[in-house]
Amino acid sequence: AVTMGGSVVARSTPPVTQAVDLTDQVPAGATIGDYVGEDVMIPMRDGMKLHVQVWRPKTIDTPLPILLSRSPYGFGKAQVTNMLTASYKELADDRFIFVLQDIRGRLGSEGTFVNLRPSNPDKRGVDESTDTYDTIDWLVKNLPANNGKAGVIGVSYGGWTAAQATIGPHPALKAVSSQASPNDMFIGDDFLHNGAFRLDYAWSWVSALETDGRTMKRFDFGGEKDAFAWYLKQQDLATLDQQHLGSTMPSWQNFVKHPSYDAYWKAQRTTNNMPATVATPNLIVAGWYDQEDFYGPLSIYKEQEKGDAKGLNYLVVGPWNHGGWRSAGKSYGPFDLGDATGNWFRKEVELPWFRYWLKGQGTLNQPEALIFQTGSNRWQRLDSWPTRRSTTVRNLYLRAGGKLSFEPPRGGEAAADSFVSDPADPVPYRDRASIKPFMAEGSTWSTWLADDQAPFTRRKDVLFWQSDPLTQDVTISGDVAATLFASTTGSDADWVVKLVDIYPTGERVPAELRGRQRMIANDVFRGRFRKSYERPEAIRPNAVLDYRIDLHSASHRFAKGHRIGVQVQSSWFPLIGRNPQTYVPNILRAKATDFRKQTHRIYHRPGQASAIAVAVVQ
Ligand code: PG9
């Protein structure tokens, strides 16, 4: 048995954090329901030993498959109990041998932790794939009563390790389910979006995870509950780790060292490392409201699809936040989802997936893409994603006078709208009162995308367009992308675009939803990367330039009587660190004097018609 001191914050989704005592991690011979637990140290090819908890049914008559989860967060007793009795109950009731592993350098495992350790193509060294290979090899050879088949499952960091398992896979690995895995930290997942730095997430996560390998310490904001105020006070982001934690944090310093899309980021891109020809069945799972890794699973699916001649790459997108399918999933914020979507997914999709591949039981009735349509609360079984079914890409034009319309602008209308973006007074990403650090006690970070977006339209630095009330339902299904024709008096700028569903105000609408603006698609783009993520450039002041902003995709029904809305702003704090609006080579090193107020303009005239392209179902 391993003995360790200290305390950790174990990942359970959602919410993010839960303190557990490691000494309590797995009492040898402990039981949870019908399962009995045991600690094992498994040797890797370089001699390091990695810690696992093995949980198996007390009596096994017929050999069972192994289901492996690998995580940097630790598996506390409370979390394992929750897994076996609730969040993985369907699988547990069906009987698998669960193996929960601390990845290299974390908690009970030896070696050095490297955040998203890049894959080692020649496999002469070690990486998460070789560690998975060695673990499975040991397990199938040594665990009593196993059937020689293994699967890997996990959410987020654990979803990423499931994706790594498919690289140079062990022959006993028969299927994975990579859930909410990040794909590219610079382009669209936890740490940056289109080159814009996710300040609170990056700081809170790195400071919690990298202070040491054994514990996960929530950063102490010195009693400051208002994360907005705390971050605004920080003058020197490049040395935040040294100032507040007394030493450098490897990931934080990498953010400082790699301000553009260089080899450091590309080496980490999950799909740059996954095999071009898909050989391991993968059930990729994503949530429309994933506040952390939404780009990841959708882009992994899309890229893997190119090499999926055998049809082993599948996609599920449900109405969930990060990991939301591990709980009931009856609602998201104030939005009723019509059914317990998480329970349904685990019973009807995830369990049959692993029963089929690991036990040879049942049939695989899995459509290529199982997509939940928000607004109508319907699952759709599609033969591709985006669907090739009858959709037409149509532009929703931003027009003069705050009008949003499928009709393009005509000459003679006002050509542009402008606003002043002041870095000293950035637009909060949520209502100020609810901005806590994302990991803080009582944080509602996990549902922030359900927040009503209407209050932001009252700010002068948020531009807003809305359609007339819809005379019939408008359903979109597929990619969403904005093209902004924009200028700034500065030499750099961020562009934030939100597509919202505006509920009517009538008496018949539940009070909480009346006039509410529901987020359907969103993202930020850092202007300096307009031509290339590799070679950022200053923006020419006052030049009208076009920016294409990927808003990912959506499957949503805007109901009759609702309106469609678009908001454009230039800051989103402290979700996104501020852009000084004066071009500096490295924004994390920007000085207070670099931050300047600037006027931004969004154009909507013929030839420069800013618009959001959506795939409208016919
Ligand atoms: N979103 C988290 C994460 C994944 C990978 C790297 C960094 C953070 C997570 O929930 O694990």
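**Why the labels apply: questions on a predicted model**

Guide: In this predicted model, the buried residues of helix α4 are Tyr 157, Gly 158, Gly 159, Trp 160, Thr 161, Ala 162, Ala 163 and Gln 164.

Visitor: Why is α4 called largely enclosed by the rest of the structure?

Guide: A residue counts as buried if 20 or more other C-beta atoms lie within 10 Å of its own. Eight of the eight residues of α4, which spans residues 157–164, are buried, and therefore the helix is described as largely enclosed by the rest of the structure.

Visitor: Which elements do the buried residues of α4 pack against?

Guide: They pack against the strands β6 (64–71), β8 (146–155) and β9, and against the helices α3, α10 (270–273) and α11. Two residues of α4, Tyr 157 and Trp 160, are also listed among the residues around the ligand, together with Leu 116, Ser 156, Pro 182, Asp 190, Trp 205, Glu 292 and Asp 293.

Visitor: What makes up that shell around the ligand, in terms of nonpolar, polar and charged residues?

Guide: The shell divides into five nonpolar residues, one polar residue and three charged residues. Asp and Glu count as charged, and the shell contains Asp 190, Glu 292 and Asp 293.

Visitor: Why does Arg 124 count as exposed?

Guide: The cut-off for exposed is 12 or fewer C-beta neighbours within 10 Å; Arg 124 has 8 inside that distance, and so it counts as exposed. Arg 124 is placed in the loop between β7 (97–102) and α3 (128–142), and its C-alpha atom is separated by 9.9 Å from that of Arg 45, which is 79 residues apart from it along the chain.

Visitor: Why are β3 and β17 said to stand at the edges of their sheet?

Guide: The sheet is an open one of 11 strands with mixed pairing, in the order β3-β4-β5-β7-β6-β8-β9-β12-β13-β16-β17. Both β3 (31–32) and β17 (378–382) have a single partner strand, so one side of each is left without a neighbour in the sheet. For β17 that partner is β16 (residues 369–373), paired in the antiparallel sense over five bridges, with Phe 372 standing opposite Trp 379 in β17.

Visitor: How do you know that β21 and β26 pair?

Guide: Pairing requires at least two bridges between the strands; β21 and β26 (residues 563–569) have five, in the antiparallel sense, and Val 462 stands opposite Gln 569 in β26. Both strands belong to an open antiparallel sheet of four strands, ordered β21-β26-β23-β24, whose edge strands are β21 (462–466) and β24 (517–526).

Conventions. Residues numbered from 1 in each chain as written. Predicted model: local features only at pLDDT ≥ 70, side-chain atom pairs only at ≥ 80, totals over all residues. Near = placed C-beta within 6 Å. Helix = DSSP H or I, 4+ residues; strand = E, 2+ residues; numbered from the N terminus. Contact = placed C-beta atoms within 7 Å.
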